[in-house]
Amino acid sequence: MSLESHPDRRRASVNVQKVLWCLAELDLPYQRIDAGMQFGKNDQPDYLAMNPNGRVPTMVDGDYVLWESNSVMRYLCMAYGQSSPLYPQSPKARAAVDRWLDWTLSTLQPVDRPVFWGLVRTPPEERDMVQIQKDADAEGVVWRVVEAQLAARRFVEGDQFTIADIALGAFARRWFGVEGVAKPKLPNLERWFGEIAQRPAFVRIVAPPMS
Ligand SMILES: N[C@@H](CCC(=O)N[C@@H](CS)C(=O)NCC(=O)O)C(=O)O
């Protein structure tokens with residue numbers, strides 16, 4: 001299987017991180033092929049034929065091509081992780097995990113993006129800190145949903161680590177990693193993040209400095 005990802009932002013792209021983390025949790029071998037930036041691959045016809053969005057990641061498994069990081073995680077679990085608790089089998093447990101993947105895209109990513117870009121991908125002299133604090137306040141409100149979910153659970157959907165923890169964990173790394181804004185105290189989220197941040201795959205793939 002191969003995974004097309006961004007050369008410079010390989011570890012920094014949250015969507016690439018999710019898939020690499022999932023591959024590592026499933027202990028699956030893969031080849032990562034650089035795409036984008038100086039490689040100029042993701043705007044080329046052969047790349048666009050695989051992924052018309054021109055974005056990363058794109059997964060190639062034999063003659064099967066798939067884009068959208070959450071869908072790639074689901075596929076990997078269904079194809080190669082049937083015995084893994086990462087993506088539970090029962091309809092209710094599976095749907096409960098799925099909703100966090102959807103929620104990450106629909107609700108969390110939009111409020112995370114301005115904070116991450118403002119504090120990590122904008123030079124300090126160009127930052128509008130008043131606006132970024134407002135953006136961080138909005139993101140804090142959204143994280144409270146996860147804070148409440150974790151009040152009585154070890155992981156996002158219960159006792160088992162699932163791809164819901166991967167999707168949320170990759171964003172939590174950013175939330176806890178950005179500096180220069182006031183953030184609400186979220187003790188359940190901190191406790192959960194402290195635990196998942198010790199997983200070897202997180203340490204290797206998600207923990208390295210943000211850029
Ligand atoms: N919803 C898509 C988003 C993919 C996406 O936006 N990828 C970004 C990196 S995080 C990208 O390819 N940006 C263009 C580039 O880096 O060249 C997914 O989850 O896979």
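This is a chat about how the two domains of a predicted model meet.

Trainee: How is the chain divided?
Mentor: Into domain 1, residues 2-80, and domain 2, residues 91-206. Keep in mind that the model is predicted.

Trainee: What does UniProt list for residues 90-211?
Mentor: The unreviewed entry gives that span as "domain: GST C-terminal".

Trainee: And how much of that span is helix, how much strand?
Mentor: Helix makes up 68% of residues 90-211 and strand 0%. The C-alpha atoms at the two ends of the span are 38 Å apart.

Trainee: Back to the two domains. How far apart are their C-alpha centres?
Mentor: 22 Å separates the centre of domain 1 from that of domain 2.

Trainee: How many residues are in contact?
Mentor: Domain 1 puts 18 residues in contact with 23 residues of domain 2.

Trainee: What area is buried there?
Mentor: About 1,800 Å² between domain 1 and domain 2, with carbon and sulfur atoms giving 64% of that.

Trainee: Which residues of domain 1 lose the most area?
Mentor: V14, W21 and R74, which together account for 36% of what the domain 1 side buries.

Trainee: OK, charges. How many salt bridges are there between the domains?
Mentor: Three between domain 1 and domain 2. The search of the whole structure finds seven.

Trainee: Which residue does D98 pair with?
Mentor: D98 forms a salt bridge with R74, and their closest N and O atoms are 2.7 Å apart. D98 sits in helix α4, residues 91-120, while R74 is in helix α3, so the pair links distant parts of the chain, 24 residues apart.

Trainee: What about D102?
Mentor: D102 also forms a salt bridge with R74. Here the closest N and O atoms are 3.6 Å apart, within the 4 Å cut-off for a salt bridge.

Trainee: Why would such side chains pair at all?
Mentor: Side chains of opposite charge can do so when their charged atoms come close.

Trainee: How many residue pairs are in polar contact across the domains?
Mentor: Three, counting pairs with both residues at pLDDT 80 or more.

Trainee: Which helices supply at least two residues of the domain 1 side?
Mentor: α1, residues 14-25, and α3, residues 69-80. Of the elements on that side, α1 gives the most, with nine residues.

Trainee: Last one: how does the domain 1 side divide into nonpolar, polar and charged?
Mentor: Nine of the residues touching domain 2 are nonpolar, three are polar and six are charged.

Conventions. Residues numbered from 1 in each chain as written. Predicted model: local features only at pLDDT ≥ 70, side-chain atom pairs only at ≥ 80, totals over all residues. Heavy atoms only, no water. UniProt positions renumbered as here; feature names shortened; annotations may be inferred. Helix = DSSP H or I, 4+ residues; strand = E, 2+ residues; numbered from the N terminus. Domains from an automatic or database assignment. Contact = heavy atoms within 4.5 Å. Buried area = accessible area lost by both parts, 1.4 Å probe. Salt bridge = Lys/Arg side-chain N within 4 Å of Asp/Glu carboxyl O. Polar contact = N/O pair within 3.5 Å; in protein donor to acceptor, adjacent residues only side chain to side chain. Nonpolar A, V, L, I, M, F, W, Y, C, P; charged D, E, K, R; others polar.
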